[in-house]
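Work through the exercises below with the sequence and the 3D structure in view, and try each task before reading its solution.

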Amino acid sequence: MAEAVASSGGHRGGVVDWLTTTDHKKIGVLYMATAMAFFVVSGVLALLMRLELAQPGLQVMSEQRYNELFTMHGTGMMFFFATPMVIGLANYFTPLHLGAPDVAFPRVNALGFWMSLLGALTAFAGFLTATGAAAFGWTGYPPLSNATYSPGTGADLWIIGLILSGTAAILGAVNLVATLFGLRAPGMTMFRLSIFNWNILVTSALIMFSFPALTAALAMLFVDRNFGGTFFDAAQGGDPILFQHLFWFFGHPEVYIVILPFFGVVTEIIPVFARKPIFGYKGFVLATLLIGAYSFSVWAHHMFATGAVNSPFFAATSMLIAVPTGIKFFNWIATMWRGKISFQSPMLFCMGFLFMFLVGGVTGIFLASPPIDFAAHDTYYVVAHFHYTLVGGTVFAVFAALYFWLPKIMGRMLDERLAKLHFWLMLIGFNLTFLVQFQLGLDGMQRRVANYPSVYGSENLLSSIGAGILGLSIAVFVFNFWRARRKGAPAGDDPWDGYTLEWWTTSPPPHHNFTSLPPIRSERPVFDARHDTTTEDREG
Amino acid sequence: MAEELRFFVRIGLFTLVAGVVYWFLTYEWAGTLLFGFVVIGSAFFAVAIGTLMRGTRPRADTEERQRNILVDAAYRTIGFAEHPGDANHPPLAVADEGIPPSSIWPLVAASAAALVGLGLVFGAWFWFPGMILGAVTAYGWVTELVR
């Protein structure tokens with residue numbers, strides 16, 4: 001502790017300072033702030049949808065407006081909340097975990113953020129046009145997304161916005177890989193990287209290999225819409241199924257792009273709050289690599305219902321991907337086994353993540369079976385599965401990360417009672433919203449409809465009440481954050497007795513991150529330095 | 001083989017095998033080509049990393065390599081062994097050139113890209129200023145780098 005730097009850099013500065021910064025920490029904060037803003041905006045869109053769905057019939061909006069809302073809700077959550085949040089956390093903590101002063105290409109890093117923000121604003125600008133925002137779902141399938149069925153500039157703005165933000169993600173990924181390979185502190189070998197950084201490495205590779213497929217698909221769609229192209233026009237010899245191949249070759253790795261880093265977050269938090277080393281470090285690495293690899297070979301399970309894909313191949317690979325995920329679950333449980341577990345807010349959210357993601361994963365295995373998928377396709381069962389996977393796998397873990405790392409970023413603690421209130425409201429609200437949707441799906445209720453038969457009324461009302469509670473829980477977090485910024489207790493350099501290098505420096509870290517580093521002999525160098533252990537006596 | 005290199009070799013090998021299996025099961029072009037692009041992309045990164053790493057670590061002597069080549073080939077390619085020298089000399093380590101000063105050009109470059117994109121939707125009123133801003137950015141960014 002004594003070797004930690006004394007001076008605090010912080011994240012203060014005027015507007016010009018933020019607009020021109022190349023500091024990875026400030027860019028990380030910008031990414032995270034933007035991501036949270038789009039989380040709130042996209043969440044409000046979801047609340048409006050649930051308001052409409054609370055009763056059968058049309059109450060508060062037209063069907064066209066409802067289509068715009070679910071499209072921009074999905075787009076906002078996937079592209080402008082989850083992905084930027086991943087890159088934001090990686091921006092802030094990857095160099096800190098490596099003992100590096102910054103990322104490999106700081107200016108390119110800043111370029112990536114600004115492109116990401118302008119891309120998001122461009123896509124959402126569709127709401128300001130006369131014809132409204134894009135209204136064909138976040139997947140943008142032609143022919144629904146072509147110029148005949150989706151005329152108007154909102155769809156074009158959606159395409160341009162996604163191309164801009166996709167390009168930004170690729171820039172961010174290349175930067176992170178270069179940082180992980182080129183800027184490690186002395187002693188930080190690949191197998192002493194934090195598991196968070198391993199997950200960021202695999203995620204970056206997924207972005208580098210999958211986002212170009214999306215960019216290509218969107219560029220072709222734009223040409224079809226505006227320049228007389230026929231790539232996806234079956235009447236002119238094109239193939240709409242090609243769009244689905246390209247989209248899902250991006251789209252399924254994208255699910256892991258927004259989940260793998262949070263597997264890493266959870267793997268950093270659980271050992272700290274169980275006061276034990278990670279069980280099976282190399283098992284975690286292997287599982288991460290396998291998930292990354294398999295994620296490239298499962299894309300067409302989203303296309304079973306087209307009848308145009310080889311179902312056995314994709315069913316087999318989709319079921320196989322559960323094996324490395326199971327390895328991770330086993331290792332998380334083994335890490336906690338006989339540990340001195342402390343259920344502070346980061347750990348509580350990790351528990352929420354484990355249980356909610358487990359439900360999402362298990363229901364996904366059912367959907368990997370083509371006969372079940374044929375029956376459940378485009379029903380609320382898929383909506384429920386998807387939200388258990390992504391809210392369970394991402395949003396719970398985002399809040400685990402924020403409660404764990406905001407004290408490092410802000411230098412102030414968040415209120416623990418409010419954090420626990422946030423957790424329980426979120427857990428109850430989330431399950432109330434989405435658990436009933438499994439039943440709605442099994443009963444045959446279609447997704448992406450603003451109106452429905454009255455037989456589904458009571459479950460939908462319950463789901464809408466749950467969504468309200470979920471929204472309230474986020475308001476509790478926002479209040480807690482605002483309160484901590486004003487009068488939170490000072491965090492100190494290491495409020496959790498953490499393991500990795502970010503806890504060696506001040507809160508917030510100074511401009512150059514470190515003035516000195518401890519000897520790096522394992523994946524938890526700060527613990528080693530403070531407790532004088534060696535690698536040999538705690539190899540998992 | 002360093003882990004940095006093996007990382008991309010593993011991706012390439014996996015997608016190569018998956019792509020071949022996929023082709024013979026489906027005879028479907030789009031998916032096979034997508035697998036192929038990942039193989040080519042990972043090969044590109046592997047070759048680039050291999051080139052950057054040349055000469056950064058001592059090679060095992062010929063006799064030892066001959067003896068181990070069959071026994072250890074798979075482990076060295078897809079296993080988790082690390083070179084003992086990596087702790088002191090990471091194979092791809094770059095010199096710390098310090099943190100660059102603040103720069104307005106990333107924001108201007110992103111604005112130029114957004115304007116060009118909006119120009120594709122709304123016409124020359126957007127893409128023309130975007131192109132000019134892009135040219136100014138290129139000049140400003142490069143000038144800032146060489147200063």
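A residue is called buried if 20 or more other C-beta atoms lie within 10 Å of its own, exposed if 12 or fewer do, and partly exposed in between, with C-beta atoms placed from the backbone. The model is predicted, and for that reason local features need pLDDT of at least 70, side-chain atom pairs count only at pLDDT 80 or more, and totals for chains, interfaces and linings use all residues. Residues are numbered from 1 along each chain as its sequence is written, while chains are lettered from A and ligands numbered from 1 in the order in which they are written.

**Exercise 1.** Describe the make-up of chain B and state what share of its residues is buried.

*Solution.* Begin with the secondary structure, where helices (H or I, at least four residues) and strands (E, at least two) are DSSP runs numbered from the N terminus. Chain B has five helices and zero strands, and its pattern along the sequence is α-α-α-α-α. Next, turn to burial: of the 147 residues in chain B, 27% are buried. Finally, take contacts, which are pairs of residues whose C-beta atoms, placed from the backbone, lie within 7 Å. Among the contacts of chain B between residues at least 6 apart in sequence, 61% link residues at least 24 apart.

**Exercise 2.** Carry out a similar description for chain A, and add its overall dimensions.

*Solution.* The secondary structure of chain A consists of 17 helices and zero strands, and buried residues make up 60% of its 540 residues. For the dimensions, the C-alpha atoms fill a box of roughly 70 × 50 × 45 Å along the principal axes. The radius of gyration is taken over C-alpha atoms, and the globule rule is 2.2 Å times the number of residues to the power 0.38. Because this rule gives a value near 24 Å for a compact globule of 540 residues, the 23 Å of chain A agrees with it.

**Exercise 3.** Which part of chain B gives the most to the side that touches chain A?

*Solution.* First note that the contact takes 42 residues from chain B and 47 residues from chain A. On the chain B side, α1 (3-26), α2 (29-53) and α4 (105-122) each supply at least two residues, and α4(B) gives the most, with twelve residues. The residues on this side of chain B divide into 27 nonpolar, nine polar and six charged; here Ala, Val, Leu, Ile, Met, Phe, Trp, Tyr, Cys and Pro count as nonpolar, Asp, Glu, Lys and Arg as charged, and the others, Gly among them, as polar.

**Exercise 4.** Explain why A:Ile520 counts as buried, and locate this residue in chain A.

*Solution.* A:Ile520 is found in the loop between α16 (457-487) and α17 (525-531) of chain A. A:Ile520 counts as buried because it has 22 C-beta neighbours inside 10 Å. Leaving out residues up to four places away in sequence, A:Ile520 touches several residues, including A:Gly99, A:Met188 and A:Pro525.

**Exercise 5.** Find where the confidence in chain A is low.

*Solution.* The predictor's confidence in each residue is its pLDDT, from 0 to 100. Chain A averages a pLDDT of 93, and 96% of the residues score at least 70. Over residues 1-10 of chain A, however, the pLDDT is below 50, and over residues 535-540 of chain A the pLDDT is also below 50. Where pLDDT is low, the predicted coordinates should not be read in detail.

Note on methods. Contact = placed C-beta atoms within 7 Å.
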